[in-house]
Amino acid sequence: MTSRITNERGMALAVALFAMVVIGAMVAGSFFAGQLEQQSGHNTFYSSQASEAAEAGISDAIGTLKPATLLALAAGGPASDLGTVSLGTRVDASRQISRLTSSLFLIRSQGYRRNAAGTPLATRSSGTLVRLVTPNLQVKGGLTALGQVSVTGNAHVSGFDSTPPAWLVSPAVECPPEADKGGVVYNGTLSQGGSSTIRGSPASQLDPTLNAENILGGTTFEQLKALRTLT
């Protein structure tokens, strides 16, 4: 003879607890996945900010560096610090420049996206090669011309070195001093009329060797034209 168990008290509590554990695990998993996706989005955003900061650091360096600063660097020597440029809240870039050859330079920029404490959240590096091309122009006089030269009217020609007043206004244009030259250097004839003035050391100079090939000194017109950056 078998007996049937009819007492099932307590099963509802066990099922409820099991359901709560399952639901809790599902909620925790969804929360973790959402948090992970959010953090991944933040990291991507921070990386983009750091990358843009590095590129902006290079652009700023190229736009502010002067040829005299580049020429003062020693070829093959240690990198020179260009300082840090701030590009916004908690975004900045530190730059360095190295002279590789007589005319080739390497600019490196390290971009940072920082937190409120200044700790980097993302870092990106960028670099670019810059070539300094300096035409070899030899200033022969205040006015250097071929053929028949006529200075008339109120024209004023001077071969004396001077700094234009506009260049003294901040930011001042740095220009090394130049030795005084002849006022007019020519290979043909020179005539002067009206109230024009010619000044220099000497005021005028006839140079029979002057021609279209050497009028610019060590650089021809075609070579100078090839260096243009604007059309």
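Let us start with strand β6, residues 148–151, where the side chains take turns: Val149 and Val151 point to one face and are buried, while Gln148 and Ser150 point to the other face and are not buried. Keep in mind as you look that this is a predicted model. Strand β6 also has a partner, because 4 bridges join β6 to strand β9, residues 189–192, and the two run parallel. If you look for Gln148, you will find that Thr189 in β9 stands opposite.

Now move to a sheet. Strands of a sheet pair through backbone hydrogen bonds, either parallel or antiparallel. One open sheet has 4 strands in the order β1-β2-β3-β4, and the pairing here is antiparallel. Which strands stand at the edges of this sheet? They are β1 (80–88) and β4 (120–131); each has a single partner strand, so one side of each is left without a neighbour in the sheet. From one strand to the next, the twist averages 20°. Follow β1 to strand β2 (residues 91–99) and you meet 7 bridges that join the two, running antiparallel. Among the residues facing each other here, Gly88 stands opposite Val91 in β2.

A second open sheet has 3 strands, ordered β5-β8-β11, and the pairing is parallel. At its edges stand β5 (141–145) and β11 (204–206), and since each has a single partner strand, one side of each has no neighbour in the sheet. Here, too, the twist averages 20° from one strand to the next. Strand β8, residues 182–186, pairs with β11 in the parallel sense over 3 bridges. To see one of the pairings, find Val185: its bridge partner in β11 is Gln205.

Next, look inside. In soluble globular proteins, nonpolar side chains tend to be buried together. The largest nonpolar core in this model has 8 residues: Ile58, Ala61, Leu70, Leu73, Ile97, Phe105, Ile107 and Leu132. Helix α1 (11–64) and strand β3 (104–114) each supply at least two residues of this core. Leu132 is a good place to pause: not counting residues up to four places away in sequence, Leu132 touches Pro67, Leu70, Leu71, Ser103 and Phe105. Apart from this core lies another one, of 7 residues, among them Val149, Val151, Val157 and Ile198. You have already met two of these names, since Val149 and Val151 are the buried residues on one face of β6.

What about the aromatic rings? A pair of aromatic rings is described by the distance of the centres and the angle of the planes. The structure holds 1 aromatic pair. Phe45 and Tyr46 form this tilted pair, with 6.3 Å centre to centre and 50° between the planes. Is Tyr46 buried or exposed? Tyr46 counts as buried because its relative accessibility is 17%, and buried means under 20%. Phe45 has a relative accessible area of 46%, so Phe45 is partly exposed. Elsewhere, Arg114 lies over the face of Tyr112, at 4.5 Å from the ring centre.

We finish at Gly217, in the loop between β11 and α3 (221–226). Gly217 and Val139 are 78 residues apart along the chain, yet their C-alpha atoms are separated by 7.4 Å. Which residues does Gly217 contact, leaving aside its neighbours within four places in sequence? Gly217 is in contact with Asn136 and Gln138.

How values were computed. Residues are numbered from 1 along each chain as its sequence is written. This is a predicted model: local features need pLDDT of at least 70, side-chain atom pairs count only at pLDDT 80 or more; totals for chains, interfaces and linings use all residues. Side-chain values use heavy atoms; hydrogens and water are left out. Axes are lines fitted to C-alpha atoms, for helices over the stretch in contact, and angles run from 0 to 180 degrees between N-to-C directions. Buried means under 20% relative accessible area, exposed over 50%, partly exposed in between (1.4 Å probe, protein chains only). A nonpolar core is a set of buried Ala, Val, Leu, Ile, Met, Phe, Trp, Tyr and Cys residues joined through side-chain atoms within 4.5 Å. Contact means heavy atoms within 4.5 Å. Rings of Phe, Tyr and Trp (its six-membered ring) pair if their centres lie within 6.5 Å; planes under 30 degrees apart count as stacked, over 60 as edge-to-face and the rest as tilted. A charge sits over a ring if NZ of Lys or CZ of Arg is within 6 Å of the ring centre and within 35 degrees of the ring normal.
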